[in-house]
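Reader: Hi! I'd love a close look at a single part of this protein, with a word on how far the coordinates can be trusted. Could you walk me through one helix and its surroundings?

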Amino acid sequence: MPLLADVIVDVPTLQTNQPYSYLVPEKYRHFLKVGMRVIVPFGRGSRKVQGFVVAVKDNAEFSGDLKQIDSLMDSKPVLNDELIELGQKMAYLTFSFRIKCYQTMLPAVMKARYTKTIHLIDEVEEAVLFDLFNGKNEMSWEEAEKKDALDTILQLEKEEKVEITYEVNDRTTVKKVRMVSPLFSFEQLEEEKEALPSNASKQKLLLSLLQAINETDAKAIAELKAEGVSTTQINAGEQKGWLKIFEKEIKRDPFKDITFDETSHLSLTPDQTHAFKEINEAIQKDKHQVYLLKGVTGSGKTEVYLQTISEVIDKKEGALMLVPEIALTPQMVERFKGRFGSQVAVLHSGLSDGEKYDEWRKIEQEEARVVVGARSSIFAPLKSIGLIIIDEEHETTYKQEEFPKYHARDIAIMRGQYHNCPVILGSATPSLESRARATKGVYTLLELTSRANKASMPPVEVVDMTDEAKEGNASSFSAALKQKLEDRLKKQEQSVLLLNRRGYSSFVLCRDCGYVLECPNCDISQTLHMDSKTMKCHYCGHEEGIPRTCPKCQSSSIRYYGTGTQKVEEELKELIPEARIIRMDVDTTRKKGAHQKLFKKFEEKKADILLGTQMIAKGLDFPNVTLVGVINADTSLGLPDFRSSEKTFQLLTQVSGRSGRGEKPGEVVVQSFNPDHYAIQLAKRHDYDSFYKKEMQLRHLSEYSPYFFLIKLSVSHTNEMTAAKKINEFIQFLKPALSDQAIILGPTPKSIARTHNRYHFQTLIKYKREEHLIERCHELLMTTQKEQAKGLFISIDYQPMDFI
């Protein structure tokens, strides 16, 4: 009976969500599983492509002519059944292709170019050792393929006689240490020592060190060298048969140099106890339920997370904990490692590829039950999940802006349904969409209304910067903020300053002719970076020197305008020279471990002021911080985005929550040119409920989410007219699937009409119920494949977060 495999193939010029059927060769019949990657022939000629096996089935009735699988890329499935099913749902929801979804789920090491090496780890028959391995203890996967011996290798792996490792870019992703073990007994080594001439002191030392190793044990070559033995002497010892040199795998631990203080459960407040009991009931009953945990900043949401995860671990199940961005990870890791020790695996972009690979394998091999990480951690290969937590669920960074454009919250709920486990969405300022679902009863609302340490919320003073300007203060700092910063220095307390952008200055402008230095590839001004003495485009990465004269009129009246973190830092140093300042933005945190070092320095009170961009606004807990200053509160209010007020309110509330978290009372100063705006005034009062009511009224009037669903259609091309023409064609294609209730806005050029030398147009479709729209959008994706191969780019974004 022929065995067939359904394969999703990777053909860049002709993507499809339809699997193709292939015959499974007899030699792979007992090894091929769903979730493995294979090489298959595709189309005419000898073209070979990669693919994922999504189904394997016996088909006695099939009598057609099918191509067969060429070879296997993996010895085991790289995706389990759950993730294969999830990829299908995800592709449909995000208007993507299944192949892209599956590739997104894999760690970087599995997506890069790599070779696989087969290592002997146990004794095998002589015929296998000499005919297959040529008498060596390892061989490449390609060699096994050439010898048509993959079936033998897979059988040996099943019997745990070989191990298969991945090697990327000639760098072994499995970290290995060269080891030495003695081949002679203690007495035999003693005889060898006595036979040596008296001047062979180094060889005698080597023999003595070998005698100190148990016959069944081994020692790292690095340790022998530290004792005074050279590589030459060790190699000579191998030739004489005294010792064996081999490699041993060592898993990389990104936190090996950090000691985590063990912590135990804290006593819960009545609000925390109620939340814990509700969630724990769902955990014990294996019941899927989405909880919106709305707690004011400092209310102890993390302690609720930790204690619910503890219940999950007791059930021998796993937990996923997502944080919005890298800045949150060091403190979050500290709390989780302190509570759960080696059971915690960490996945985020600050780790090297090798470290990520080892953490991923820790999860896959069930050595870790708790996963802490950023957005892509939602795909961690936990086999039995008992709880999923999305901390700061309102954060827009949970939405991926490249294909596939998934939202981690949606994926969390899908995985929660599959595993019949609760999902917690935590925030002090939930997104309007989540809060509206809680109102409708789709989510269960749990509230923490006061701070865990009984401290009151910090008072907020809003300073009108137009008044400061009238009084002749052209500085970035109001008199009130300067006075409070100086006061904190005297008291030896710390301050946090938030600035809503990075770089030294927003743009370069000529005062004589008005010329602004723009990026040659994008319709946007370049940003001055004083640390690298360059102008940079934050969109395409273009970089050039700082102009001394105007490139247009050659005038020397060229000046730098705007406010960036570097410029504010210099201004602050002039204003308060005695202050020790840490600047934290994308530029100062590029190096690996930079976040950890800067936070540690601030925590140890080696700095008075932490100045940073949005990465310092959320989740950080420093008890000695008693002042928070927001330098430019209204930066995001002027953006062409219907969520701009919501984002401003959330940011101000989050950053205000960094103040007064310890025993000392805190306060907040918010500087604004628009102080009467309702988002600023309600953030001043820490009044989320009033903001929610006000913003929901405005969304209802303007017909936006959460009252309407949104789909954004974007088109780009190197030719402006082609892009404009095509987006109009696509709108006409979609119109027959829309009722009169749907609203089409556009098409219009994007706010930044050109980036990377491509012209961008977009249109927004607002709707409540359109049963044919989703299918029509998928149809559009499929019918435009050939055009996309010729340089046209089309993107369909469900519930978009970015409109600029």
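Author: Happy to! A word on confidence comes first: pLDDT is the predictor's confidence in each residue, on a scale from 0 to 100. This is a predicted model, with a mean pLDDT of 89 over the chain, and 95% of the residues reach 70 or more. Residues 168–172 fall below 50, and this stretch has 8 contacts in the model beyond near neighbours in sequence. Where pLDDT is low, the predicted coordinates should not be read in detail.

Now to the helix, α16, which covers residues 432–440. Its buried residues are L432, E433, S434, R435, A436 and A438, so charged side chains may catch your eye in that list, but let's stay with the packing. The buried residues of α16 pack against three strands, β13 (290–295), β18 (423–427) and β19 (444–448). They also pack against the helices α15 (408–419), α21 (644–656) and α23 (688–702). After α16 comes G441, whose phi is positive, near 90°.

For a setting elsewhere in the chain, take the open sheet of 5 strands, ordered β2-β1-β4-β3-β5 with antiparallel pairing. Its edge strands, β2 (20–23) and β5 (71–72), each pair on one side only. β2 pairs with β1 (residues 3–9) in the antiparallel sense over 4 bridges, and Y20 in β2 is the bridge partner of V7. Helix α2 (residues 98–105) lies across β1 and β4 (48–58), running at about 95° to β4.

Key
Residues numbered from 1 in each chain as written. Predicted model: local features only at pLDDT ≥ 70, side-chain atom pairs only at ≥ 80, totals over all residues. Heavy atoms only, no water. Buried < 20%, exposed > 50% of the residue type's maximum accessible area, 1.4 Å probe, protein only. Helix = DSSP H or I, 4+ residues; strand = E, 2+ residues; numbered from the N terminus. Contact = heavy atoms within 4.5 Å. Pairing = 2+ DSSP bridges. Axes fitted to C-alpha atoms, helices over the stretch in contact; angles between N-to-C directions.
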